[in-house]
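Biologist: I would like to go through this model with you and ask how each label is earned. Could you set the values against the definitions for me?

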Amino acid sequence: MHRRLFPRALAVLAVVATAATAGASTATAESPTPAQTRLNATIDAVLADSRLAGAQAGVVVVDTATGRSLYHRNGDRRLIPASNTKLLTSTAAMKLLGPGHRFTTDVANDGVRRAGVLTGNLYLRGGGDPTMLAENYDELAARVAAAGVRVVTGTLVADDTRYDRTRLGPDWTWDDESYYYAAQVSALTVAPDTDYDAGTVIVHAAPAGAAGAPPVVTMTPPNGWLRIDNRAETVATGETSISFEREHGGNTIVVTGQIAVGEDPASDWMTVWEPTGYAADIFRSALLRHGVRVLGRTVLGEATPRDATTIARHDSMPLAELMVPFLKLSNNGHAEVLTKELGRVLSGSGTWSAGLAAIGTYAGNSGVDTGTLRQRDGSGLSRRNMIPPSQFVALLAAVRAEPWFDTWYAALPVAGNADRFVGGTLRSRMRGTAAANNVHAKTGSLTGASSLSGYVTDADGRLLAFSIVLNNYLTSSVKGLEDQIAVALASYTEKGTSTARLTVPTAPEAPRVPEGRECSWVKPIVC
């Protein structure tokens, strides 16, 4: 993943902008070589697939060594990009916050400590960290105990005021609300494991020892913030059909369906209602384990006094490291936290609007024509995001000059690499092809919207930047078509192809998105 020389972003953008008119494909404004003509014919053949009948397709490919456009179809058409939106959010965060940026969670008090008694309140102050685990709250509690605190006479205050209290994106659909990829955003939250899906809990249903009994339902991490309504049944034989659903407006998770005796537990990631309370519950339990009793109740959403004394502190991993779970696993929560963090750091306002304004300013300064697009959230879950493929290519061109590019490039999913934290959302795609361990790109999926944008090295060693955005199709998946185009680019050569017969490259069929799931993959298996 060595750095490659790249021409100035504006030069690439100029070629992309003039390469073709909307709805037509062409190799370049100059006369195409036979190889480029064949590449155009190959991609045109892929896009003529019946699965795209009546759909919209935007595809742009640029040779980064020369700035020459190799393919351009509908590159200036505004399309729903799904999680390709994270390209804008992640690069803005790396540029404006910096690779070393960390989130801080601390504990403070505003009273007097004497003989193990804290007369006053204990404040748990959130700094937006989406990687806080139950064990991190336990470490904070241990430090409070080590400071000599045994009794707190006041309340436990959960301070989430770094960001506003708007928990869900303005355009997110109601039926996504209980699923992990649409978790509520808070400056104080908990992730259940090292995928770092903040604001979620993993619910497990294991069969009882005998048919007729309800399954044994547990949660990771254990907590008192959520309640289980177990309506499921253990059966003697049969297929597992366990389903989990969190009821709107509360923290009751309803478990239904069946599981057979002897089967492995069924599990799913579910969002919580009000992550601030979830974090406070986890921390309060940790305090008790370490011998610290808080006599008062838990209060959510009040600010820590400026003159409060810090007792314990936890700093997150640096942003450069966070890019790996963020981009490899297409973590929506990370995108939204970073959006609000950008707003907070740059303008003092931890809101979506302030963060998106910062991303827009950064994109414009990087050569992206922000007048041609609309970004409504950080993750791409909103269907009101509209971004032309040509602007993704302009961004991909611009970031090549950044000192943090190598770190960011390495964090993109890598086609066909089975290692989950290398291949990410591309780990099951393009295996055994010229694109495997070659394509570094961001995936995107919503029902009827799919995208793939990033980099590929062709057969002659040239680094190509590309963006594929497909919308309004009725079939369950068009990932295989994206993969065919990526394989064609990986196989592209200017040498000895002028008389070769046109063949559309094949690629292993990409996994499909389950019906009703607005995501690029479902845990723990790529879909």
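Modeller: Happy to, and we can take the labels one by one.

Modeller: This is a predicted model, in which local features need pLDDT of at least 70, side-chain atom pairs count only at pLDDT 80 or more, and totals for chains, interfaces and linings use all residues. Residues are numbered from 1 along each chain as its sequence is written, and side-chain values use heavy atoms, with hydrogens and water left out.

Biologist: Why is A115 called exposed?

Modeller: Buried means under 20% relative accessible area, exposed over 50%, and partly exposed in between (1.4 Å probe, protein chains only). A115 has 80% relative accessibility, so it counts as exposed. A115 sits in the loop between strand 4 (112-114) and strand 5 (117-119); strands are DSSP runs of E with at least two residues, helices are runs of H or I with at least four, and both are numbered from the N terminus.

Biologist: And why is S330 called buried?

Modeller: Its relative accessibility is 9%, so S330 counts as buried. S330 is in the loop between helix 6 and helix 7, and its phi is positive, about 50 degrees, although S330 is not a glycine.

Biologist: What makes helix 9 (residues 389-398) largely enclosed by the rest of the structure?

Modeller: Here 10 of the 10 residues are buried, so helix 9 earns that description. Among them are P389, F392 and L396.

Biologist: How do you know that helix 6 and helix 7 pack, and at what angle?

Modeller: The angle between helix 6 (residues 319-328) and helix 7 (residues 332-347) is about 145 degrees, and their axes are 9 Å apart. Axes are lines fitted to C-alpha atoms, for helices over the stretch in contact, and angles run from 0 to 180 degrees between N-to-C directions. The contact (heavy atoms within 4.5 Å) is made by L319, L322, M323, P325 and F326 of helix 6 with H334, A335 and L338 of helix 7.

Biologist: What makes L319 and L338 stand out in the largest nonpolar core?

Modeller: A nonpolar core is a set of buried Ala, Val, Leu, Ile, Met, Phe, Trp, Tyr and Cys residues joined through side-chain atoms within 4.5 Å. This core has 63 residues, and L319 and L338 are among those that touch the most other members, as are M323, V399, W408 and Y455. Helix 8 (residues 352-365) gives the most to this core, with 6 residues.

Biologist: How do you know that the peptide bond from T220 to P221 is cis?

Modeller: Its omega is near -5 degrees, and the bond is listed as cis.
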